[in-house]
Structures are given as structure tokens and as C-alpha cells.
Amino acid sequence: MNISFYLTTPQFRARTKTVTRRCKWKNLKAGQRLRAVVKGQGLKMGEQVDVLGIIEIVSVRRERLNEITDADVIAEGFPAMTRQEFIEMFCRNMKCEATDFVTRIEFKYVD
């Protein structure tokens, strides 16, 4: 199964990202392995997925987006952002509200 890191490809490649938040992915379980890709949907005819690597899920939980901690903003790959800046960026890109529940996924790099 693929998981896209389109908005955080540089952080993924630099291995500075160990947490990601998703609006869905509610059934993911610790121990599962996923293939990280740059983009998994909306590929044009003849385009192929750009594989970033394999990750293993460490933990999964649902929480409100506005409950993100300073440490998790860093783990998301944004050490220069404040919590509020991250929340605003996430809401803008994912078209959600700060009080919405999201899935917090912690992972480790396998390769």
C-alpha cells in the first residue's frame, strides 16, 4: 500500500520527518509497512510513482489537529514553524478545521 508525502517530500528525503497527520487512514495499525511515494493519485498517463522508501508504522492514534505539540511540529519536519503556523498550513492544504480529528501516524524508516 502506498502513502504519499507530496507536501513533505524534502523532509522525508532528509529523514527529518517521523510523524505525519492524515484526515483519513483510521484503520492503520502499528507494525504495518507502507511504501512511501511522492504522489500516489492524479498521475498523468505514462507517469509512474516516485518511490521514496519503505516505512513501518510505530503508532497510530486519533486526535484533534489543534492538540499538536511543539515536539510533533518538529517530528512532522517543520522545526522553524510554530504550532499555529503548522495548523494553519495543514488546514489550508487539507481543507479542514483546527478542531477536526486527524490520524497521527508515527513511523520509522526501514530502508
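These are legends for a set of close-up views of a predicted model.

**View 1. The whole chain, with three helices and five strands.**
Start with the overall layout: follow the protein chain along its sequence and the elements come in the pattern β-α-β-β-β-α-α-β. The radius of gyration is 14 Å, close to the 13 Å that the globule rule gives for 111 residues, so the protein chain is as compact as a globular protein of that length. Along the principal axes, the C-alpha atoms fill a box of roughly 40 × 30 × 25 Å. Of the 111 residues, 38% count as buried. What about the outside: how much surface does the protein chain expose? About 6,700 Å², with carbon and sulfur atoms supplying 51% of it. Take the contacts between residues at least 6 apart in sequence, and 72% of them join residues at least 24 apart.

**View 2. The open sheet, five strands in the order 1-3-4-5-2.**
Pairing in this sheet is mixed. Which strands sit at the edges? Strand 1 (2-4) and strand 2 (19-22) do, and each pairs on one side only. Neighbouring strands are turned by 45° against each other on average, direction ignored. As a reminder, strands of a sheet pair through backbone hydrogen bonds, either parallel or antiparallel. The next two views go through some of these pairings.

**View 3. Strand 3 and its partners, strand 1 and strand 4.**
Strand 3 covers residues 33-37 and pairs with strand 1 in the parallel sense, over three bridges. Two residue pairs help you find your way here: I3 has A36 as its bridge partner, and S4 stands opposite V37. Now look across to strand 4 (residues 51-64), which pairs with strand 3 in the antiparallel sense over five bridges. V37 turns up again on this side, with V51 of strand 4 as its bridge partner. So V37 is a handy landmark, facing S4 and also bridging to V51.

**View 4. Strand 4 alongside strand 5.**
How many bridges join strand 4 to strand 5? Nine, and the two strands run antiparallel. To get your bearings, pick out S59, which stands opposite E106 in strand 5. Keep in mind that in a regular strand the side chains alternate between the two faces of the sheet.

**View 5. Helix 3 and its buried residues.**
Helix 3 has 12 residues and reaches 16 Å from its first C-alpha to its last, close to the 16 Å expected at 1.5 Å a residue. Which residues of helix 3 are buried? F86, I87, M89, F90 and C91. The cover over these buried residues includes strand 2, helix 2 (70-75) and strand 5. For reading the helix, remember that an α-helix has 3.6 residues a turn, so residues three or four places apart point the same way.

**View 6. K95, just after helix 3.**
This residue lies in the loop between helix 3 (83-94) and strand 5 (101-109). K95 has a positive phi of about 55° although it is not a glycine. For background, most residues other than glycine have a negative phi. Is K95 buried or exposed? At 73% relative accessibility, K95 counts as exposed, because the cut-off for exposed is over 50%.

**View 7. W25, in the loop between strand 2 and strand 3.**
Here is another backbone angle to check: W25 has a positive phi of about 55°, and it is not a glycine either. Its relative accessibility is 23%, so W25 counts as partly exposed. Buried would need a value under 20%.

**View 8. G77, in the loop between helix 2 and helix 3.**
Relative accessibility at G77 is 10%, so this glycine counts as buried. Which residues is G77 in contact with, leaving aside its neighbours within four places in sequence? The list is Q11, T16 and K17. Take T16 as the one to zoom in on: G77 and T16 are 61 residues apart in sequence, but their C-alpha atoms are 5.4 Å apart in space.

How values were computed
Residues numbered from 1 in each chain as written. Predicted model: local features only at pLDDT ≥ 70, side-chain atom pairs only at ≥ 80, totals over all residues. Heavy atoms only, no water. Pairing = 2+ DSSP bridges. Helix = DSSP H or I, 4+ residues; strand = E, 2+ residues; numbered from the N terminus. Axes fitted to C-alpha atoms, helices over the stretch in contact; angles between N-to-C directions. Rg over C-alpha atoms; globule rule 2.2 N^0.38 Å. Buried < 20%, exposed > 50% of the residue type's maximum accessible area, 1.4 Å probe, protein only. Contact = heavy atoms within 4.5 Å. Areas by Shrake-Rupley, 256 points an atom, 1.4 Å probe, with all protein chains shown as cover. Expected span 1.5 Å × (residues − 1).
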